[in-house]
Amino acid sequence: MRALVVDHSEAGPVRFADVDEPVPSAGETLVEIRHIGLNFGELNYVHQWQAGAVHGHDAAGVVARTASDGSGPPEGTRVAVGMAPHAWAERVAVSPASLGTVPEGVDLADAAALGIAGVTAFRVLRTRSLLARDVLITGASGGVGHFAVQLAALAGARVTALVGSPERAAGLRELGADRVLTELAETGDDRFDLVLDTVGGPLVAQAWSSLAEGGTIHLVGYSSGQETTFPSGTLFGFGEPRSIATYGDMTPTGGELTDLLGLMAAGKLSAPVGLRGDWQDVGDAVQALFARKVHGKVVLDVA
C-alpha cells in the first residue's frame, strides 16, 4: 500500500513509499483512511522520528475490519483517528481507544482536522473553569488556536486572540474572540487567568507579565523556535501563585474526540480547514504550512 514516510533528506520531510500492509493485533481496528490531517510540529521536527517510518498521527476514514477481540466500532463505521502513530497511509491498524465515531452530518474531512490540534486545545482549556474568565490564545490563527478560541468562548470565557499579522486575524471574531490583536502590548494593564501559548520564545515572558494572580500559562508549542528569557525579578511576586505548565499528554484520545465530534454535530464547533487538497500534493501543502500561508489546518484527501 502507499504511505507517507519520514524523509530526512533535503527533499523531505515526507515522501511517498510502498509499505507493508498493517497487521492488526487482536485489540486493534483496521481503518481505511480517506483523509489525513497535517500538523506543523510533526513536520517541522521530523528528525525526532525514524527515517522510513510511516508518519502522521491524525486522519479519518472507515472501519474496514473490527478488532478480533470484539472491541471498538463495527465495520463500516466512520471514524476519526487522533494522536495515533503511522496514520498517513491507505490503511492503518489502530487501538479503538484512539478512535472517535463520526456522527451523521459531520464531514469526514473535518473530522480528520481534530486529532492533535482539537484534543490539545480541549485538554488545556478544561483544566479550570473559564466562565467569565480572561483567556489569551497566542498563535490563534493556527490549528490549535482556532479550536481554542471556539472552545474557550463556548465555556464562557472572555477571549483575546493574538496573531502574527493583521492578515491572520480573519474569521477569529466570528469564532468567538472578543479581541484580535497583533501585539500583546495592546492589552495594556489587562490580566489573564489562563494563557494557551503555541508560539514560545520572548512571547512567553511577555505573557507572564500579563498573568493574573493564580493564573497559568500552558505551553503547547514553540513555533517561533526562539528561546525564552525572563528579566531579573519577574519570576518573583506576592499574592496567589502563578504557574507555567508544560503539555505532553499522549494518552488515548477517543473520549475527547467523541466530545469534540459531538460539538461539531451540534453546530457548536467548526473545523478550521484552511487548506484542502489531494495527498499527492503534500509537498505544496507542507511548503504552505511552513510559510504560514495556512489559517488553521491542512487536510488532504487520500486518493
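**Exercise 1. Strand 3 and its neighbours**

In which sense do strand 3 and strand 15 (residues 297-301) pair, and over how many bridges?

*Solution.* A word on the model before we start: it is predicted, local features need pLDDT of at least 70, side-chain atom pairs count only at pLDDT 80 or more, and totals for chains, interfaces and linings use all residues. Residues are numbered from 1 along each chain as its sequence is written, and side-chain values use heavy atoms, with hydrogens and water left out.

Step 1. Fix the terms. Helices (H or I, at least four residues) and strands (E, at least two) are DSSP runs, numbered from the N terminus. Two strands pair if DSSP finds at least two bridges between them.

Step 2. Strand 3 and strand 15 pair in the antiparallel sense, over 4 bridges. Within this pairing, H35 stands opposite D301.

Step 3. Look at the other partners. Strand 3 and strand 4 (residues 58-65) run antiparallel and are joined by 7 bridges. Strand 6 (residues 91-94) also pairs with strand 3 in the antiparallel sense, over 4 bridges.

Step 4. Find V31. It stands opposite V63 in strand 4 and opposite V92 in strand 6.

Step 5. Check how covered the strand is. Buried means under 20% relative accessible area, exposed over 50%, and partly exposed in between (1.4 Å probe, protein chains only). In strand 3 (residues 29-38), 8 of the 10 residues are buried.

**Exercise 2. Pairs of opposite charge**

Find the salt bridges of E256, D134 and D301, and say where the partners lie.

*Solution.* Side chains of opposite charge can pair when their charged atoms come close.

Step 1. Use the cut-off: a salt bridge is a side-chain nitrogen of Lys or Arg within 4 Å of a carboxyl oxygen of Asp or Glu. By this rule there are 10 salt bridges.

Step 2. Start with E256, whose partner is R126, with the closest N and O atoms 2.9 Å apart. E256 belongs to helix 7 (residues 254-265) and R126 to the loop between helix 3 (115-125) and strand 8 (134-138), so this pair ties together parts that are 130 residues apart in sequence. E256 counts as buried, at 8% relative accessibility.

Step 3. Go on to D134, which forms a salt bridge with R158; the closest N and O atoms are 2.9 Å apart. Because D134 lies in strand 8 and R158 in strand 9 (residues 158-162), the pair ties together parts that are 24 residues apart in sequence. D134 is partly exposed, with a relative accessible area of 22%, and R158 is partly exposed with 40%.

Step 4. Return to D301, met in the first exercise. D301 forms a salt bridge with R276, and here the closest N and O atoms are 2.7 Å apart. The two sit in distant parts of the chain, D301 in strand 15 and R276 in strand 14 (residues 273-278), 25 residues apart. Both are partly exposed: D301 at 23% relative accessibility and R276 at 45%.

Step 5. Look for shared partners. Salt bridges of this kind join E21, E32, E90 and R91 into one network.

**Exercise 3. A residue of helix 7**

Is L261 buried or exposed, and which residues does L261 touch?

*Solution.* Step 1. Place the residue: L261 lies in helix 7.

Step 2. Read its accessibility. L261 is buried, with a relative accessible area of 0%.

Step 3. List its contacts, where contact means heavy atoms within 4.5 Å. Not counting residues up to four places away in sequence, L261 touches A80, G100, T101, V102, P103, V106, A111 and L114.

Step 4. Compare sequence with space for one of these residues. L261 and V106 are 155 residues apart in sequence, while their C-alpha atoms are 7.6 Å apart.

**Exercise 4. What covers helix 6**

Name the buried residues of helix 6 (residues 202-209) and elements that cover them.

*Solution.* Step 1. The buried residues in helix 6 are L203, V204, A205, A207 and W208.

Step 2. Their cover includes strand 8, strand 9, strand 11 (192-197), strand 12 (211-219) and strand 13 (243-246).

**Exercise 5. An exposed glycine**

Where is G164 found, and is G164 buried or exposed?

*Solution.* Step 1. G164 is in the loop between strand 9 and helix 5 (172-175).

Step 2. With a relative accessible area of 69%, G164 is exposed.
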